[in-house]
Amino acid sequence: MTTDTLLVGPLLRRIAGTRATIWVETAHASEVEVRAGEAGGHATTFSAFGHHYALVVVEGLATGSATPYEVYVNGEHVWPPADSPYPRSIIRTRGDAEGETTAKLVFGTCRETTQHATTRRLPPDALDAYARRLMQHEGDPGAWPDMLVLLGDQVYADKTSPTVRQQLKARRLPHHGLQDDVQTFDEYTKLYLESWRDPEIRWLFSTVPSVMMFDDHEIIDDWNSSAAWRTDMKNEPWWAERIVNGLASYWVYQHMGNLAPEQLELDALYPKVAAAGDATEVLREFAARVDQEADVGHLPDSWKSRQYQWSFAIDLGRTRLVVLDNRCSRVLDPDHRAMLPAAEWSWFLSQAHGTTFDHLVVGSSLPWLMPPAIHHLEAWNERISASRRPRVAAFGEKLRRAVDLEHWAAFQTSFEAMADLFRVVGRSSTGPASISVLSGDVHHSYVARAEFGRDIPTPVHQLTCSPIHNQVPSFMRPLMRIGWSRWAAVVARGMAALTGVRGPSLRWSKRGDGPYFGNAVATLTHRGLEARVTIEGTTPGGELDTVADVVLTKQ
């Protein structure tokens, strides 16, 4: 048996205490076993749409240990390959939770496969560069992050590589409505096979825990940007199949691994999938039902109960990470637009309040704080798109889709609710030492400080790192820089005010140089009550170079 039996993976996903989860895709129905010293675990694969997956829970790890592991499929050794040039894959557990005051999170978004580098002349892949550097520090515990936090566009279903396009062309009629986009579950698997079998990425995912959240390109550009957008999509003959397969594949490849070992049996879907043997219909019905919720998301929670929650929370020592779904669960009724429905927002509030952590980190695929001029433009656009005058509303909707005016600023109620939450948490006598919002999407990187005033002692920052491997068109870069200028903000704010939009209840300003437009990864480090973010971009030679290094706590 060869490593071809192991199609994708292993991915080390969650580590909780002395247990860990490892995700794999195999070529056939199999028994999968993981051996990590005296610890181990096994699982039977389940099938979905003709493919085979397992999430193995490894039990019995030692606290504060670094243990190499191996993967066996039907008793045959498949990982690591005998001829692998890379260091061994290792599970690193944290020490005693009460004594752990450090946390290191590496984050970023928007990674096209390395195939795009030749066709689009993209700069070097930042995650590849990070993996290569980590290999050089194999024996240095301080170099290793606690977690990779990938916040969207892990794959591009609507911007496929030449290889995937060729595969699609071979199986489709010339008049197919999505000639270069994936649509079926099997076609989605090709994206992950191409992206996650990149040698450096495969090794990195096998040895550093990861959590993931989707953004629009896992499904399609502008996904759930407005109620009008959803109406248009539902009129497309291919949409029903596209959204079902997109959500089902996301749950299998990304979300399933976000669940901690103790959450698996409590999840609304995982037990059904694991017990089904062939989970195709279970996943198909689940995805269709979840998507339909976006059509009724504005209704009172007493009228309906939500089927699923993609948002999740994790504690790493004294750091609390809350990752929010900014896409699937949006409330899109023009009179009730919100990033999250009421019940999920209440859950978020419950996670953000507490005395058990020193640092609060919010993962949001879309930036909460944009360049100020762009913020005012999006707030203005939200208002005119809801106009009772059809032509005005149509113009606003067309502009929204043309230039992606759909961030938190285009959901003004949610933007202000987030600000109110940070005020309450930051003002509390037991509040955290720092609050950080991790984001991506916008294909440039920057650090911004929210200016709440002296009565809010906790510093609040927007940390945006994007892309990992992509690029923003050259003509857009000056516009994004202008977005930070004072005069552009004044003009855009005045335009928004003319339509009745109230100005934001806070101001914010960029920290350090930038914005930075190259491929990058960022590291958020907590050490005791100190917090620091470092953004590193790739050089032409494929190495990482620091482009921003900002202290986030009071000096």
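Helices (H or I, at least four residues) and strands (E, at least two) are taken here as DSSP runs, numbered from the N terminus. With that in hand, Pro-10 can be placed in strand β1 (residues 6–16), and the peptide bond leading into it from Gly-9 is cis, with omega near 5°. A second cis bond runs from Gly-514 to Pro-515, again with omega near 5°, and Pro-515 sits in strand β20 (residues 507–516).

A word on the ground rules: this is a predicted model, where local features need pLDDT of at least 70, side-chain atom pairs count only at pLDDT 80 or more, and totals for chains, interfaces and linings use all residues. Residues are numbered from 1 along each chain as its sequence is written, and side-chain values use heavy atoms, leaving out hydrogens and water.

**The whole chain**

The protein chain holds 15 helices and 23 strands. Its C-alpha trace spans about 70 × 60 × 50 Å along the principal axes. The radius of gyration, taken over C-alpha atoms, can be set against a globule rule of 2.2 Å times the number of residues to the power 0.38. For 555 residues a compact globule would come out near 24 Å, and the chain's 23 Å agrees. Buried residues (under 20% relative accessible area; exposed is over 50%, partly exposed in between, with a 1.4 Å probe and protein chains only) make up 58% of the 555.

**The cores**

A nonpolar core is a set of buried Ala, Val, Leu, Ile, Met, Phe, Trp, Tyr and Cys residues joined through side-chain atoms within 4.5 Å. The largest has 98 residues, and those with the most contacts inside it are Trp-223, Leu-247, Trp-251, Leu-283 and Trp-310. Helix α7 (residues 239–255) gives the most to this core, with 9 residues. A second, separate core of 38 residues includes Leu-340, Ala-419, Ala-448 and Phe-452.

Gly-246 also lies in helix α7, and is buried at a relative accessible area of 1%. Counting contact as heavy atoms within 4.5 Å, Gly-246 meets Tyr-188 and Ile-219 once neighbours within four places in sequence are set aside.

**Two positive phi angles**

Which loops hold the two aspartates tabulated here?

| Residue | Phi | Loop | Relative accessible area |
|---|---|---|---|
| Asp-222 | near 70° | between β13 (210–212) and α6 (227–234) | 7%, buried |
| Asp-404 | near 55° | between α12 (390–403) and α13 (412–427) | 29%, partly exposed |

Asp-222 has a positive phi in a residue other than glycine, as does Asp-404.
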